[in-house]
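Biologist: I am new to this structure and would like a close look at a single part of it, followed by a connected account. Could you take one strand and its surroundings, and then turn to how the chains meet?

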Protein chains: 2
Amino acid sequence: MSKIQPRTLSGFLELLPPAQRQMEEIMSILRETYSLYGFTPLDTPLIEASEVLLAKGGGETEKQIYRFTKGDTDLSLRFDLTVPLAKYVALHYSDLAFPFRRYQIGKVYRGERAQRGRFREFYQADIDIIGDGKLDILNEAEIPAIIYQVFTRLGLQRFRIRVNNRKILNGFYELLGLSEKAGDIMRTVDKLDKIGAEKVKALLTGAEIGVSPDQAEEILRFISIQGDNAQVLSALEGYRGRSETFDAGLQELATVVKYLAAFGVPEDHFAVDLTIARGLDYYTGTVYETTMTDHPEIGSICSGGRYDNLAEYYTDKQLPGVGISIGLTRLFYVLSEQGMLNPQRTGASADVLILPMTEDLTQAVSLATAFRSAGVRAQLYGEQKKFKAKMTYADKIGVPYVVFLGEDEISAGLVSCKDMVTGEQTKLDFSATLARVQTGLRERSQGKVIVEA
Amino acid sequence: MSKIQPRTLSGFLELLPPAQRQMEEIMSILRETYSLYGFTPLDTPLIEASEVLLAKGGGETEKQIYRFTKGDTDLSLRFDLTVPLAKYVALHYSDLAFPFRRYQIGKVYRGERAQRGRFREFYQADIDIIGDGKLDILNEAEIPAIIYQVFTRLGLQRFRIRVNNRKILNGFYELLGLSEKAGDIMRTVDKLDKIGAEKVKALLTGAEIGVSPDQAEEILRFISIQGDNAQVLSALEGYRGRSETFDAGLQELATVVKYLAAFGVPEDHFAVDLTIARGLDYYTGTVYETTMTDHPEIGSICSGGRYDNLAEYYTDKQLPGVGISIGLTRLFYVLSEQGMLNPQRTGASADVLILPMTEDLTQAVSLATAFRSAGVRAQLYGEQKKFKAKMTYADKIGVPYVVFLGEDEISAGLVSCKDMVTGEQTKLDFSATLARVQTGLRERSQGKVIVEA
């Protein structure tokens with residue numbers, strides 16, 4: 001028979017088993033952490049009617065959509081989890097309780113140009129809190145706690161949650177009389193890290209934007225406000241009273257900062273950062289980015305913010321919300337590239353490999369059943385191979401314990417068990433063997449899935 | 001702004017939060033159980049190159065495929081998890097250890113005619129064990145144990161795993177000299193339950209199939225062999241010695257039955273059933289079906305079998321395997337229709353709803369943080385609403401405990417906590433409140449996700 005060359009499409013991540021187990025571990029921690037904060041899991045179709053998914057229309061995204069017809073229906077694959085959430089909330093509005101807190105971990109599709117580290121199919125892990133008409137600032141204050149918990153539970157230590165408030169930015173440009181140029185200014189100021197203050201100033205005062213030199217100075221002075229949270233807030237106080245929007249934003253930011261400690265977020269993992277804007281149309285209040293201290297080049301690994309109108313394309317209902325998103329596939333790829341995934345954490349598909357050494361396998365099968373009843377992941381190896389081949393298999397799957405069961409063991413009511421790391425071999429009864437294995441597994445599972453050098 | 005009517009495509013299941021939590025619970029139990037048997041999770045792209053996915057080509061399935069082009073690439077959505085597994089194993093052959101045991105829970109796509117209870121996007125939950133060249137019968141013997149554990153852990157009690165062996169069927173038709181007609185005969189015999197023995201006999205002896213009346217009698221006698229496992233095996237012994245294939249199949253079936261008890265499968269949940277054939281081309285050894293005793297009309301809820309060549313379209317390597325699949329979306333739908341999903345099992349998105357009764361929320365936030373640190377899912381309710389609206393919200397999300405924190409409680413160092421089911425309210429310190437909540441949650445989580453009337 002002529003063969004088809006098996007391949008996986010470029011831009012589609014397909015992991016080998018050990019890496020997949022690490023990915024599952026990460027997803028499991030995300031699910032657990034989000035649940036702890038009262039978020040409920042959601043699962044929406046990957047395919048939606050194009051007219052629904054693309055209600056907002058236009059933009060860079062539309063070119064990247066996977067769009068096709070089936071029968072006479074115009075279909076598209078979702079390109080994020082926000083639009084499906086908007087559809088879900090508008091569609092099921094009367095069945096939901098608000099604030100509605102959901103998390104969703106799912107694949108999305110964007111036909112980007114294929115290049116290393118860019119994916120066309122990738123997981124996003126999103127949480128959102130949706131209010132009906134209103135949504136209290138407390139929800140915005142809670143988000144840094146969730147980000148902090150997620151990354152801490154994953155094992156990341158050196159990261160910082162950077163927070164700003166869009167009302168402060170908008171209010172600041174308002175009090176300078178530059179509201180209409182605010183978009184252009186923010187886009188330019190965003191380049192500060194890359195091109196430096198002088199070039200930003202030149203662009204701001206150039207013909208295209210046309211800000212006066214004094215205003216440019218003022219803008220640069222404003223966005224370079226730095227220090228700890230108290231210092232930044234105190235510097236911002238100096239602008240109070242000149243714009244209602246600014247004052248409201250400052251009030252919100254102060255509230256977010258105020259509850260940080262009670263939410264369990266250490267001050268050194270949090271920073272008010274006036275350079276963060278996060279998209280110009282959508283966000284209206286607190287905005288978040290999260291950066292790895294040792295890897296600023298990676299950019300934000302968890303971003304989001306407060307918005308006022310989740311579902312305006314589908315309903316007249318005002319549905320404000322706040323949400324954050326982790327680009328999980330990209331994060332996983334980056335962690336893997338940086339060697340930051342703990343190889344010991346989820347190294348094997350089984351805890352115990354049972355090698356029967358007798359013709360009749362009844363005792364070996366019973367032993368496997370006993371391990372499984374005790375919650376130990378046990379695999380029976382029944383293949384007719386030489387002993388050496390069996391041990392090679394054990395090595396290859398990375399199983400921590402191999403159990404041998406021969407006539408000798410069976411007649412003595414004992415079990416031989418080899419620790420594949422230390423090489424130590426014991427011959428004990430089942431319950432003593434089980435205890436040894438369980439203790440060993442507990443020790444091995446101490447580490448976290450992400451490790452820093 | 002003109003609005004787009006939000007909708008979800010027909011044939012695409014989108015669950016409300018309480019149902020979604022039950023679905024997540026089921027998936028979590030599947031993952032846990034499969035892991036216990038040494039299966040490793042796998043995740044493959046939903047999109048594959050059409051030439052790869054449709055290598056086998058033809059058939060009813062191809063018409064149902066979601067197939068489209070993006071750029072100049074001919075793409076298809078996967079329609080099962082077996083073809084992607086075949087591709088994965090052929091592609092990553094040198095990186096895998098055999099036997100390779102994987103589970104995959106994922107969505108697949110088939111453009112079926114839309115009708116109630118039929119889905120175009122649905123989850124399958126598959127496990128497979130793939131050997132390199134050979135695969136021991138022990139793996140086939142283990143499958144009923146996994147099926148039994150999965151459904152028992154889900155809470156199903158009245159179900160039966162029905163097992164046959166294709167070699168017995170093929171061997172039987174061989175010893176009657178009917179090998180070439182075996183396919184037609186099995187397709188006809190498969191209608192026994194629906195049309196009865198007389199009509200089956202008429203079809204068998206009709207012009208199209210052309211079996212002699214004696215042979216038809218023999219066939220009907222054979223497939224009506226019944227009784228407990230020992231009785232069926234003993235009846236089959238009567239055919240031994242006339243076909244090598246039959247004898248090999250009988251040997252395999254006897255081995256599967258032999259280890260049942262050691263694998264922890266009660267005899268009353270298992271039956272040898274000679275009417276089961278499961279597809280005519282693919283399976284070559286043991287075949288499995290699982291039926292709900294009270295709902296035979298639903299058909300098999302978990303099926304599969306042994307095959308000899310997983311990836312013949314991609315590689316010359318002989319990769320025999322054994323696998324089973326649960327049509328998870330359909331099973332969920334059926335359980336839901338039958339009222340068999342336990343409403344108490346995963347009824348709320350949070351364990352505790354905290355209602356702050358003070359202006360300053362620091363203490364309420366600290367309390368939420370303390371609950372979460374103890375692993376209790378806590379939600380803070382910060383909205384400015386009347387007390388009654390807050391309690392309505394608590395009812396609507398079905399939270400089991402509501403905690404009130406006012407000035408009185410704070411100054412006394414106490415917490416008011418109301419059990420939303422019993423109405424009982426306590427005013428205790430945090431650790432006593434926590435203990436009460438944890439005890440209550442343990443009691444509530446006793447039931448299983450599936451309940452039988």
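Modeller: Two strands pair if DSSP finds at least two bridges between them. In this predicted model, strand β12 of chain B, residues 352-356, is joined by three bridges to strand β13 of chain B, residues 378-380, and the two run parallel. Within that pairing, V352(B) has A378(B) of β13(B) as its bridge partner. Between these two strands the chain passes from β12(B) through helix α14 of chain B, residues 362-373, to β13(B), a β-α-β crossover that is right-handed. Strand β12(B) is also joined, by five bridges, to strand β14 of chain B, residues 401-405, again in a parallel arrangement, and here P356(B) has L405(B) as its bridge partner. Strand β12(B) is mostly covered, with five of its five residues buried: V352(B), I354(B) and P356(B) point one way, while L353(B) and L355(B) point the other way.

Turning to the meeting of the chains, 104 residues of chain B are in contact with 104 residues of chain A, and the area buried between them is about 8700 Å², of which carbon and sulfur atoms give 59%. Of the area that chain B buries against chain A, E14(B), D43(B) and R372(B) supply 7%, more than any other three residues. The count of salt bridges between chain B and chain A is 12; K87(B), for instance, forms a salt bridge with E14(A), in which the closest N and O atoms are 2.8 Å apart. Helix α1 of chain B, residues 17-36, provides seven residues, the largest share of the side of chain B that touches chain A.

Terms used
Residues are numbered from 1 along each chain as its sequence is written. Chains are lettered from A and ligands numbered from 1 in the order in which they are written. This is a predicted model: local features need pLDDT of at least 70, side-chain atom pairs count only at pLDDT 80 or more; totals for chains, interfaces and linings use all residues. Side-chain values use heavy atoms; hydrogens and water are left out. Buried means under 20% relative accessible area, exposed over 50%, partly exposed in between (1.4 Å probe, protein chains only). Helices (H or I, at least four residues) and strands (E, at least two) are DSSP runs, numbered from the N terminus. A crossover is right-handed if, with the strands pointing away from the viewer, the path from the first strand over the helix to the second runs clockwise. Contact means heavy atoms within 4.5 Å. Buried area is the accessible area (1.4 Å probe) that two parts lose on being put together, summed over both. A salt bridge is a side-chain nitrogen of Lys or Arg within 4 Å of a carboxyl oxygen of Asp or Glu.
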